[in-house]
Amino acid sequence: MTVHPSLQTYADAWTQSIESIAELVKPLVEGEWNRRTPCPGWSLRDIVSHIIGMECEMLGDPRPIHTLPRDLYHVQNDFTRYMEMQVDVRRHHTAPEMTSELEYTVIRRARQLRNESRAPETMVRAPLGTEQTLELALHMRAFDVWVHEQDLRTTLGQPGNLDSPGAFVARDTLLAALPKVVAKNAGAPANSAVVLDVHGPMEFLRTVRVDAEGRGSIDGSPSLGPAVTLSMDWETYYRLACGRVRATAVADRIKVEGDQDLGAAILHHFAVTP
């Protein structure tokens with residue numbers, strides 16, 4: 001148990017997801033590590049490399065000194081370039097090297113979390129040489145490993161953990177970004193409301209309200225006359241919001257009631273992860 005309960009939630013979610021990832025990849029033979037995943041540009045090996053790399057950075061390990069090849073089409077800005085460094089440096093590692101490094105990194109990080117005594121607001125290392133609070137850092141690691149666990153499960157045809165502790169972290173993280181999607185990116189009119197109705201392993205109903213100044217907010221109260229209602233299952237919602245699939249590819253799993261143009265604009269801007 002960490003000193004601060006607010007950190008424990010994220011530590012528990014991270015632990016469950018990263019242990020699931022270790023179990024998923026343990027039996028993989030050499031050729032399987034190169035299988036493509038829903039994460040743009042990344043194979044199974046790349047995702048595990050990314051996870052190892054990010055956890056090593058949380059441990060304070062130095063970043064690898066490495067030059068990226070120029071032909072990586074999915075590397076388009078400083079953020080993706082930063083993330084790719086830990087991935088590309090491991091592209092030629094063997095299956096046993098991958099599983100053993102993952103296992104060792106998980107042991108080190110679990111020990112670090114068990115002994116964590118810093119306050120949630122303590123500033124720690126973040127990508128691109130910036131800083132973030134310890135609470136945000138643990139929140140984002142819990143979110144990241146759950147999403148990548150789902151990438152691996154999709155690729156390997158082993159669904160599961162859609163209602164795990166990490167799924168709840170993912171739900172709250174993705175919903176926090178929805179007001180901007182609706183109000184700013186999709187341009188929902190002032191004094192309007194948009195309802196999101198999600199069913200499946202994770203069920204919830206949220207209303208995004210746009211005020212007279214065009215600012216968006218979100219709550220759990222239903223709206224009597226929403227401009228549009230979007231209904232979908234939880235798996236479709238997280239895949240859309242994480243940029244794993246486009247709305248046109250899963251149109252049969254989405255129901256749009258009300259303003260069709262606004263619904264289409266929201267779905268066009270639905271992806272919120274970098």
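Helices (H or I, at least four residues) are DSSP runs, numbered from the N terminus. This is a predicted model, in which local features need pLDDT of at least 70, side-chain atom pairs count only at pLDDT 80 or more, and totals for chains, interfaces and linings use all residues. Residues are numbered from 1 along each chain as its sequence is written, and side-chain values use heavy atoms, with hydrogens and water left out.

**Exercise 1. Describe the largest pocket and its lining.**

Step 1. A pocket is defined on a 1 Å grid over the protein atoms alone, as an open set of points where a 1.4 Å probe fits, with protein on both sides within 12 Å along at least five of seven lines. Lining residues have an atom within 4 Å of a point. Grid points are joined across faces, edges and corners, and a volume is the space filled by probe spheres set on the points.

Step 2. The largest pocket holds about 1400 Å³ of space. Its lining has 47 residues, and Phe79, Cys242, Arg244, Thr273 and Pro274 are the closest to the centre.

Step 3. At least two lining residues come from each of helix 2 (44-58), helix 3 (78-88), helix 5 (134-156), helix 6 (165-176) and helix 9 (260-268). Helix 5 gives the most, with eight residues.

Step 4. For classes, Ala, Val, Leu, Ile, Met, Phe, Trp, Tyr, Cys and Pro count as nonpolar, Asp, Glu, Lys and Arg as charged, and the others, Gly among them, as polar. The lining of the largest pocket has 27 nonpolar, 13 polar and seven charged residues.

**Exercise 2. Do the same for the second largest pocket.**

Step 1. The volume of the second largest pocket is about 250 Å³. Of its 14 lining residues, Arg36, Cys39, Gly41, Trp42 and Ser43 are the closest to the centre.

Step 2. This lining divides into five nonpolar, four polar and five charged residues.

**Exercise 3. Follow the salt bridges of arginine 141 to glutamate 55 and aspartate 144.**

Step 1. A salt bridge is a side-chain nitrogen of Lys or Arg within 4 Å of a carboxyl oxygen of Asp or Glu. There are 20 salt bridges in the structure.

Step 2. Between glutamate 55 and arginine 141, the closest N and O atoms are 2.9 Å apart. Glutamate 55 belongs to helix 2 and arginine 141 to helix 5, so this pair ties together parts 86 residues apart in sequence.

Step 3. Aspartate 144 also meets arginine 141 in a salt bridge, at 2.8 Å from N to O. Both of these residues lie in helix 5, three residues apart, or about one turn of the helix.

Step 4. Buried means under 20% relative accessible area, exposed over 50%, and partly exposed in between (1.4 Å probe, protein chains only). Aspartate 144 counts as buried because its relative accessibility is 16%; arginine 141, at 8%, is buried. Glutamate 55 is buried too.

**Exercise 4. Which residues of the largest nonpolar core touch the most other members?**

Step 1. A nonpolar core is a set of buried Ala, Val, Leu, Ile, Met, Phe, Trp, Tyr and Cys residues joined through side-chain atoms within 4.5 Å.

Step 2. The largest core has 73 residues, and those touching the most other members are Leu196, Met232, Trp234, Tyr237, Ile266 and Phe270. Helix 5 gives the most to this core, with 10 residues.

Step 3. Contact means heavy atoms within 4.5 Å. Leaving out residues up to four places away in sequence, tyrosine 237 touches Leu174, Leu175, Leu178, Leu196, Val198, Phe204, Met232 and Phe270.
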